Amino acid sequence: KDFRNDVKPNWCPGCGDFSVQAAIQKAAAGAGLEPENLAIITGIGCSGRLSGYVNSYGFHSIHGRALPLAQGVKMANQELTVIASGGDGDGFAIGMGHTVHALRRNIDITYIVMDNQIYGLTKGQTSPSSAPGFVTKTTPHGAIEQNVSPLQLALTSGATFIAQSFSSDIKELTAIIEAGIQHKGFSFINVFSPCVTYNKVNTYDWFKENITKLSTIDGYDPSNKALALSTVMAHDGLVTGIVYQDTVTKSYADQIDGYSPSLVKENIEIKEEDFNELMLQFK
Ligand code: SF4
């Protein structure tokens with residue numbers, strides 16, 4: 001299926017987000033979805049524009065709030081495949097509270113963070129995933145704070161699918177996004193997506209030199225959380241592949257299905273007279 005539309009992205013040439021968009025489109029097709037089965041909900045930031053660039057339902061929401069909206073969309077319509085997406089500032093600063101609770105709630109959506117370790121849209125400030133010592137206009141003497149580790153955060157918050165990839169490895173990224181879509185529960189995918197305009201440290205070459213693929217580590221087992229955590233820490237978070245997957249824990253909707261099926265299965269029908277009566281109350 002064709003998930004392309006005729007909107008031309010206004011990302012800078014070379015931005016990692018182009019590949020993430022392409023990988024989402026390929027993964028959606030690979031998963032057998034139709035455009036009308038897919039909803040993409042994004043936050044604010046350069047990467048937040050993605051919801052307008054894919055032929056699907058799309059909602060460019062507000063800063064740090066993609067996850068509550070995406071979870072609401074999924075709970076209202078279990079038939080939709082829902083992808084939430086945004087940047088590291090969106091998900092790990094203003095939206096961090098939502099991120100932690102979505103990780104442990106296990107609603108069946110896929111959350112893709114385009115992590116470029118900087119605020120790009122506002123022209124290059126230190127973000128929560130910028131490493132200590134990172135120099136920008138907001139940290140002219142180097143960042144003092146410790147950076148957030150997205151994988152450690154997800155592993156210790158109860159997520160059932162955790163992966164990381166690199167935007168220039170589109171084959172691996174597509175396979176991971178497709179696996180995340182197929183996973184029955186919350187899937188968290190952190191993507192190193194270089195900002196070529198403002199981040200001159202974490203470049204494509206830097207990632208190529210520093211990333212280790214989990215598939216090259218002998219005996220790595222993504223069902224072993226303790227092994228996942230120790231491996232992530234040993235590599236300073238710079239690994240790619242499926243880090244952890246729990247295929248046993250049921251999704252949020254499947255767990256409430258036993259005692260409240262109407263909450264997730266029945267269509268809510270709003271009659272015109274009911275709607276008019278509701279609107280009168282706001283006059
Ligand atoms: Fe991409 Fe950075 Fe340009 Fe934003 S500023 S579009 S993140 S390269």
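User: Taking a residue to be near a molecule if its C-beta atom, placed from the backbone, lies within 6 Å of it, which residues surround the ligand, and how do they divide by class?

Analyst: In this predicted model, the ligand is surrounded by Trp-11, Cys-12, Cys-15, Asp-17, Cys-46, Asn-116, Gly-120, Leu-121, Cys-195, Val-196, Thr-197 and Tyr-198. Sorted by class, the shell around the ligand holds eight nonpolar, three polar and one charged residues.

User: Which strands stand at the edges of the sheet, and why is one side of each left without a neighbour?

Analyst: The open sheet is formed by eight strands with mixed pairing, in the order β2-β1-β3-β4-β6-β5-β8-β7. Each edge strand has a single partner, so one side of it lacks a neighbour in the sheet; these strands are β2 (57-60) and β7 (212-213).

User: In which sense do strands β5 and β6 pair, and over how many bridges?

Analyst: Strand β5 covers residues 161-166 and strand β6 residues 187-192. Gln-164 stands opposite Asn-190 in β6. The sense of the β5 and β6 pairing is parallel, and the number of bridges is six.

User: At what angle do helices α2 and α4 pack, and how far apart are their axes?

Analyst: Helix α2 spans residues 66-76 and helix α4 residues 96-105. Their contact is made by Leu-67, Pro-68 and Gln-71 of α2 together with His-98, Thr-99 and Ala-102 of α4, a group that divides into three nonpolar, three polar and no charged residues. The angle is about 35°, and the axes are 8 Å apart.

User: Which strands does helix α6 lie across?

Analyst: Helix α6, residues 170-182, runs at about 160° to β5. The strands it lies across are β3, β4, β5, β6 and β8 (239-245).

How values were computed: Residues are numbered from 1 along each chain as its sequence is written. This is a predicted model: local features need pLDDT of at least 70, side-chain atom pairs count only at pLDDT 80 or more; totals for chains, interfaces and linings use all residues. A residue is near a molecule or strand if its C-beta atom, placed from the backbone, lies within 6 Å of it. Ala, Val, Leu, Ile, Met, Phe, Trp, Tyr, Cys and Pro count as nonpolar, Asp, Glu, Lys and Arg as charged, and the others, Gly among them, as polar. Axes are lines fitted to C-alpha atoms, for helices over the stretch in contact, and angles run from 0 to 180 degrees between N-to-C directions. Helices (H or I, at least four residues) and strands (E, at least two) are DSSP runs, numbered from the N terminus. Two residues are in contact if their C-beta atoms, placed from the backbone, lie within 7 Å. Two strands pair if DSSP finds at least two bridges between them.
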